[in-house]
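Good morning, colleagues. Today I should like to discuss some backbone features, and I ask you to keep the display in view while I speak.

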Amino acid sequence: MSPQQTGSRKRKAPALEATAAGSSSQGSAAAAADGDGPLPPKKQKRPAARRSLLHYLKGREVGARGRAGLPGFEGELRGYAVQKLPELLRERELALGTLNKVFASQWLNARQVVCGTKCNTLFVVDVQSGQITRIPLMRDRGPGPARAQPSCGIHAIQLNPSKTLLATGGENPNSLAVYQLPTLDPVCLGDRHGHKDWIFAIAWMSDTVAVSGSRDGTVALWRMDPDVFSGSIAWHNDAGLPVYAHIRPRDVEAIPRASTNPGNRKVRALAFSGKNQELGAVSLDGYFHLWKARSTLSRLLSIRLPYCRENVCLTYCDELSLFAVGSQSHVSFLDPRQRQQNIRPLCSREGGTGVRSLSFYQHIITVGTGQGSLLFYDIRAQKFLEERASASPPSSPGLAGRKLKLTCGRGWLNHDDLWVNYFGGIGEFPNALYTHCYNWPEMKLFVAGGPLPSGLHGNYAGLWS
């Protein structure tokens, strides 16, 4: 395929954008080591490792392979690097033109990130050159009985475990679109007997099985036929356009109706536990749901969440067997096997603008807020990472040890009629960080979003490294 290249007084404000997507792109780490000088011919020695965070980060940056010594030391260095990396990160903003609000993102490789926006654009951005490549969206077969209204956008992007397939929304955001990697040729579209409203979340259970969660209050299980994408040559019609299959879900399960808020059981986020083969889901009525994921979905439990407003993001940590749910002002931690939760919720203290994206890596959870800031929480110590004392001016000793917060740049905001009429007295808005994803092998973090009020048109994207 050939993708397109692109490069007064305030009135009552519109509602806030209730959309978030977060996920982390995790990679393996290996320590780098430099050997000593020439060795005596008779006595062989292990090359000495330079045991510093600086050499470790530099080794990861140039892609050094692991010649280094002891696995225990490598693991210790990696854990130290994960904890110290946030305070070393520096931002470089990326220009996205006039695209509106990035809701989802994933790393494709060391320099390319695929993103989805509120204006229903799927694109790849090269973080080195800034070049943007738009990816054509797949269309439903026929009009169908339940076409979504325009401009609701692409809310989810997920890669399968082997990074050979990418799942996201179609031109109709009710449909599940699957592309082959690395070519991004279309493979199949789940537009038959699937969701009747927007897809908000996607999770892969294996290389060929994905689950989607929708605003219609259902989760659907999709199985991709390996024969469809195992060939090295994509199908094309007489006009040279890619041809893709139209599929239907293997199973569709409805979220149970809560007596407290039966009309608001929209599925907002999904997270899969590979270790336990269980799928977690968060619905807007304030509940967490857990399914056993086999050839079909079997619901195990539903739990009322301690904080019930704007539960819009969810992530899972395999190492700790722990789900984390982001809400209007808190992150709640859930271990479904424990009746009493031992880890207290954390408060983001960001003015009630909400937790908009979450990701786990080892014992550190990264929080993207509606106020344009990134926070980092050490779940073992049960406290936020703090700024180094040396980062504070000598005249301000009280600032030492305060919570580490990275504030993102201004991005781009369209000064249209709505901005003039409702927000004319405000020069700029913080950007809600709807999505972030790590490239851990190269110690880089991609962050994106846009203005929080739903009517405002704008975008933000930045590479932190």
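Let us begin with Asn120, which lies in the loop between strand S4, residues 112-117, and strand S5. Please bear in mind that this is a predicted model. Asn120 has a positive phi of about 60 degrees, although this residue is not a glycine. Is Asn120 buried or exposed? The relative accessible area of Asn120 is 17%, and because buried means under 20%, Asn120 counts as buried.

A second residue may be set beside it. Lys163 is likewise not a glycine, and its phi is positive, about 55 degrees. Lys163 is found in the loop that links strand S7, residues 157-159, with strand S8, residues 165-169. With a relative accessible area of 41%, Lys163 is partly exposed, whereas Asn120 is buried.

I now return to strand S5, which follows the loop of Asn120. Which way do S5 and S6 run with respect to each other? S5, residues 122-126, and S6, residues 132-135, are antiparallel, and four bridges join them. Within this pair, Val124 of S5 has Thr133 of S6 standing opposite. The two strands form a hairpin, with five residues between them. In the turn of that hairpin, Gly130 has a positive phi of about 80 degrees.

Finally, I turn to a peptide bond. Where is Pro182 placed? Pro182 belongs to the loop between strand S9, residues 176-180, and strand S10, residues 185-190. The bond that joins Leu181 and Pro182 is cis, with an omega of about 10 degrees.

How values were computed: Residues numbered from 1 in each chain as written. Predicted model: local features only at pLDDT ≥ 70, side-chain atom pairs only at ≥ 80, totals over all residues. Heavy atoms only, no water. Pairing = 2+ DSSP bridges. Buried < 20%, exposed > 50% of the residue type's maximum accessible area, 1.4 Å probe, protein only.
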